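Biologist: Please take a close look at the strand pairing for me, then work outwards to the side chains around it. Short sentences are fine.

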Amino acid sequence: MRFCLLLLSCLWFGVLTGYAQKAATPSSAPNLAPKRQLTALRITQAPKLDGVLNEAVWREAPIATKFIQNRPNPGPPEQHPTEVRVLYDDVALYVGAVMHDVAPDSIFRELGQRDDLGNTDFFAIFLDTYRDKINGYGFFITPGGVQLDARYSPAGGEDFAWNAVWESQTTLQGNDWVAELRIPYSAIRFSAAAEQVWGLNFMRQRKSTNQGFFWNEVKPETDGFVNQWGELSGLRDLKPPLRLSLTPYVSTYLNHYPYQEQGTRNTSTSFNGGADLKYGINESFTLDATLVPDFGQVQSDNQVLNLSPFEVQYQENRQFFTEGTELFNKGNLFYSRRVGAQPIGFSNVEDQLRPEEKVVSNPGVTRLLNATKVSGRMQKGLGIGLFNALSNNVYATVRDSITGAERKVLTQPFSNYNIFVLDQSLKNNSYVSLINTNVTRVGSTYDANVTGGLFRFADKKNAYAVDGQVVYSRRRGQSFGSEAPVDNPSGYKYKLGFGKISGNFTWKLSQGIESDHYDPNDLGILFGNNNISQSIDFNYNKYKPFWKVNNMYTYYGVSQSLLYKPTRYQNVTAYAGGNTTFTKNFLTLGTDLDYSPATHDFYEPRTEPLGRYFVRVPANFGVTVFASSDYRKKLAYDVNLRTRRHANDGNRTGRTGYDISLSPRYRVSNQLTFRYDFSWGIRRNQIGYGGDLDGDEPLDSAFMSAPLLGRRRVVTVTNTVSGSYTFTNRMSFTIRTRHYVSSVRYRDFFSLDEAGHETPADYRRNRDTSFNAFNVDAVFSWWFAPGSQMSIVWKNAGSSFLEANEATPLYFNNLSNTMNTPHNNSLSVKVLYYLDYLAVKRLLPGAKG
C-alpha cells in the first residue's frame, strides 16, 4: 500500500509540476473579457406582463445578444440566438427575453417548487447595482414559470435562500420560448444618484444540450463571478422607493403523542400569530424583523448517533436565518442554530430533582420573542449589518409524585443575541471586514463576545491574492447553575493565506492558530480549538473539452496539524483527487485519495486539559470513488463508494471501514418525481471513547482513574424516500420519509495511559447501543399571490435509544422497534399574506396612478 501511495504521489507531483511550469508564464495570467454595454430604455407606460413582447417599446429598446458559451465548452458563441431587452420606469425594471431553439421538444420545462431548478431550461438576469464587482442579485425564470432568486457575495457565494417579491410570465411561441420579468425597485437596493451604471449579465441554459451561455463572457479560469459582468447604462432619475411591507401570519397546530399517562392529555392544540416586517430605512439599508416567529413547519433535522467528541452541525431551515444573511456569515463566526437552540441548562434538570420528583416537561428549544436584521451597502462599497434577537426565560416543569406539587426549574435565562458587521469592498475583488458577535444573558451566568477582522487583497490582474483573519473571543461570568467562573475566559485565532487564484493552475499556502481558550461557540460553531495548522494546496483544471471528456478538475495537497498547548504532533495528511465529465453521455466520474501516517487524537479521550491523553490512530489510506449520471434522463443516479484501511498496530488488526451510498431518482413526468437515498457504512475494530463512567455504578468504579476505550463494530444504515408532485408553478406537494439506524457492538475495552498506550481492561458493563430515528415530512404549499403562501404540513417523528441487552445490530429488528415506539404526530396550517405599502397605497381612494 505504501509503495502504491508513493508511486501515486510521484505521478501527481510530476503531472502538476509540468502543468505548473506552463502555467507560471506571464501569458497564463487570465484577463477579464471586455465589458459589454447595454442601454436601458426609459418608458412612460409599463408593458402588460403576459410573456408576449408585442408592445412597441420592446422593439425600440437596444438588444443584448450573441451570448458566449460557458459550459461545457467555454468560448464559442451560441448557435441558437438569445435576445434580451431592458426597460425601466419610475417603479420597476422590465426584462424581455426571447430564447430561440430548434423545436418545442428541445425546450426542457420540468416544473418544480420555487428555487428548485430541476430538469429545465432557464433565463437569468444578474444585477450589481452598486457596481462594486463583489455583490449582486440574480433572478431566474424557467419555461414553466418557476422563479428562482439569489444573492451573490464573497461570504455566501450563490445563495438561493434569499427571496424577493417580483413578477414574471413565460410563453412558448413555436420553436422559441419567451420570458417577461418585472423586478420592482423595492426588491433590490441601489443609490440615489441622478445617473447610474449597474453591473449586468444575462444567462441562458439549454438543458437539452447541457449548455450554459452568458451575455458578457464568464471565464471559468478567472477568479470571481460578479467582477465578470457587463454594464447597464441609461438609468437616470431613479428614486429608491419606500420599501415597506408587512407579512402577517396565522398558524394552528394539532399535536398527538401517546403518553398513556393518567392526567396527561395525548392531544393538544395551539394557535399562533405574528408578522414579518421589512422596512427600507433609506436607499441602501433595510430592516427585517420577525415578531413572535413560528418555525414549527421547517423540515425535521436528520438525527444521527454521535460517537465523536464534537457536536453535530445541523442545517439551518428557518427562512429568516437563511435569507439575506451574507454579511453576517463573514468569517464563519455565526452559526444561526444557536439562536433559539436547546437551553444551556437542558441536560442539568435531572441533577436538580428532589426526592420523589420527576420531570414533567423540559423544552428542547428556546422560543424567540423577536429577531431583527438591518443590512445594506453604501454607494462607496461599505456594507453594514446589525442582527439582534431576544429569547425569553425557559423553564422545565418537575412534579412531586406523592403530593402532586409542581415547580419550575430555569434552564435558559432571558438572552440577547447580537451581531455587528462592517464590510468594505475594495478594488480587484478585495475587501476588509470587521465582525462582532455578542450573547448577553440575564442573571448569574456568563456573557460571551467575539470580535474578528478579515481581509482579502488581490492584484490588478486578479492572479494572486493574500487573505487572512484575526479573531478574539472573550467570556465573562460563571458557568450556568454554578458559582465557578468560566474556564476559558479569553482566546484568539488567526489564519493567513497566500496563493495564485486564477488560471488553469492555482495554488495556496495557509497557516493558522486556534489557541487553547479560543471559544466562539455561544453564537458560532467550532469543533476543536488548541490547534496549529498549515497546508499547501494545488489545483490544475482544464475547462475546455479534450479527448472524450468535457473538462477535468484536479487537486493535490498536504496538511499538517499540531496541538497548540502543549505543542505536540497531531497529524499529517496527503491528499489528491479529481473528477471529469464525459462528452457524449455526461457521466461524471471522480475520486478522492488521502494518506495519513500514525496520528495522535487528543480529543477522543474527552479529558481536560487537552494534551494529557491521546488515542493512537494507525497509518491509514482512504479511497473514494463517485459517479453521477446524466440528470436529463428520466432515470438518473448518484453512486459513492468509500473505503479506509488502517495499518496493523500492536493488538489492533483488521481495522477497516466501508461506505456505500446510492441515490437513484426517477422523473415520471414534468410534474411528478421520486427519489430514493440509501447509505450503508461499517467500521470494523474501531477504537473509540468507551462512554462516561459513573462512580456510583459498581461496574464502573474500578475504572475511574483513566480514560476507557472500546474496540467496536459500528453499522449505520439510512433509507430516505421522497416524492414531489408540482400541480402548477405555484402549487406543490412533497413528502419525505427517513429511517436511520446506527448499531454499536463492543468487543473489548482498554485503559489509556498518558503515553498513548492501551492496557486491556476487564470491563464488564454492556455498552452496546442502537439508535433509531424515523421522520415523515409531508408539505402542501400554495403561493396564491406574490409573496403570499398557504402551507399544510404533517410531521411524524419517533426515535429510540436502546442500550445494553436491548440493543440489537439487526436492521429489521431496529425497524420494527422504531415503528412500535410512540411517535409524535403534528398537523399544522399556516397562512401568510404579503402586504406591500406601495401596492396598498395605489388601491386607496384618491391615490394617483
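Modeller: Strands 18, 21 and 22 form an open sheet, in the order 18-21-22, with antiparallel pairing. Strand 18 (357-361) and strand 22 (406-412) are the edges. Each has a single partner strand, so one side of each is left without a neighbour in the sheet. On average, neighbouring strands here are turned by 35° against each other, direction ignored. Keep in mind that this is a predicted model.

Look closer at one seam of that sheet. Strand 21 (residues 394-400) is joined to strand 22 by six bridges, and the two run antiparallel. For a reference point on this seam, take Tyr-395, which stands opposite Leu-410 in strand 22.

Now the five-strand case. Another open sheet has the order 2-4-5-11-10, and its pairing is mixed. Strand 2 (41-42) and strand 10 are its edge strands, each pairing on one side only. Inside this sheet, strand 4 (residues 82-88) and strand 5 (residues 92-100) run antiparallel and are joined by seven bridges. Leu-87 faces a partner there: it stands opposite Tyr-94 in strand 5.

Leu-87 and Tyr-94 lead to a proline. Pro-47 sits in the loop between strand 2 and helix 2 (56-60). Leaving aside neighbours within four places in sequence, Pro-47 is in contact with Leu-87 and Tyr-94, and also with Glu-55, Trp-58 and Glu-180. So the loop residue touches both members of an opposed pair. Is Pro-47 buried or exposed? Pro-47 counts as buried because its relative accessible area is 9%, and the cut-off for buried is under 20%. The chain also comes back towards this point: the C-alpha atoms of Pro-47 and Val-57 are 8.0 Å apart, with the two residues ten apart along the chain.

Next, strand 13 (residues 211-214). Both of its faces are covered. Gln-211 and Phe-213 lie on one side, Gly-212 and Phe-214 on the other, and all are buried. In general, side chains of a regular strand alternate between the two faces of the sheet. Strand 13 has antiparallel partners. Three bridges join it to strand 3 (residues 68-71). Four bridges join it to strand 12 (residues 195-206). Phe-213 takes part in both seams: Gln-69 stands opposite it, and Arg-204 has it as bridge partner. Strand 12 and strand 13 also make a hairpin, with four residues between them. In that turn, Asn-210 has a positive phi of about 55°.

UniProt, in an unreviewed entry, places the feature "domain: Carbohydrate-binding" at residues 50-211. Over that range the chain is 44% strand and 3% helix. The end C-alpha atoms of the range are 27 Å apart.

Then the aromatic side chains. Phe-214, from strand 13, belongs to an aromatic cluster with Phe-122, Phe-126, Phe-140, Tyr-152, Phe-160, Phe-225 and Trp-229. The whole structure holds 45 aromatic pairs. One of them is Phe-139 with Trp-166, an edge-to-face pair at 5.3 Å centre to centre and 80° between the planes. This pair links distant parts of the chain, 27 residues apart. Phe-139 is in strand 7 (residues 136-141). Trp-166 is in the loop between strand 9 (157-159) and strand 10 (167-173). Both Phe-139 and Trp-166 are buried.

Rings also meet charged side chains. Lys-373 lies over the face of Phe-320, at 4.2 Å from the ring centre. Arg-318 lies over the face of Phe-295, at 5.3 Å from the ring centre.

Last, the strands further along the chain. Strand 38 (residues 672-689) and strand 39 (residues 708-728) pair in the antiparallel sense over 16 bridges. Leu-672 has Tyr-725 in strand 39 as its bridge partner. Strand 39 also pairs with strand 40 (residues 731-752), again in the antiparallel sense, over 20 bridges. Here Ser-724 is matched with Thr-734 in strand 40. Strand 39 and strand 40 form a hairpin with two residues between them.

Technical notes. Residues numbered from 1 in each chain as written. Predicted model: local features only at pLDDT ≥ 70, side-chain atom pairs only at ≥ 80, totals over all residues. Heavy atoms only, no water. Phe/Tyr/Trp six-rings, centres within 6.5 Å; stacked < 30°, edge-to-face > 60°. Buried < 20%, exposed > 50% of the residue type's maximum accessible area, 1.4 Å probe, protein only. Lys NZ or Arg CZ within 6 Å of the ring centre and 35° of its normal. Pairing = 2+ DSSP bridges. Contact = heavy atoms within 4.5 Å. UniProt positions renumbered as here; feature names shortened; annotations may be inferred. Axes fitted to C-alpha atoms, helices over the stretch in contact; angles between N-to-C directions.
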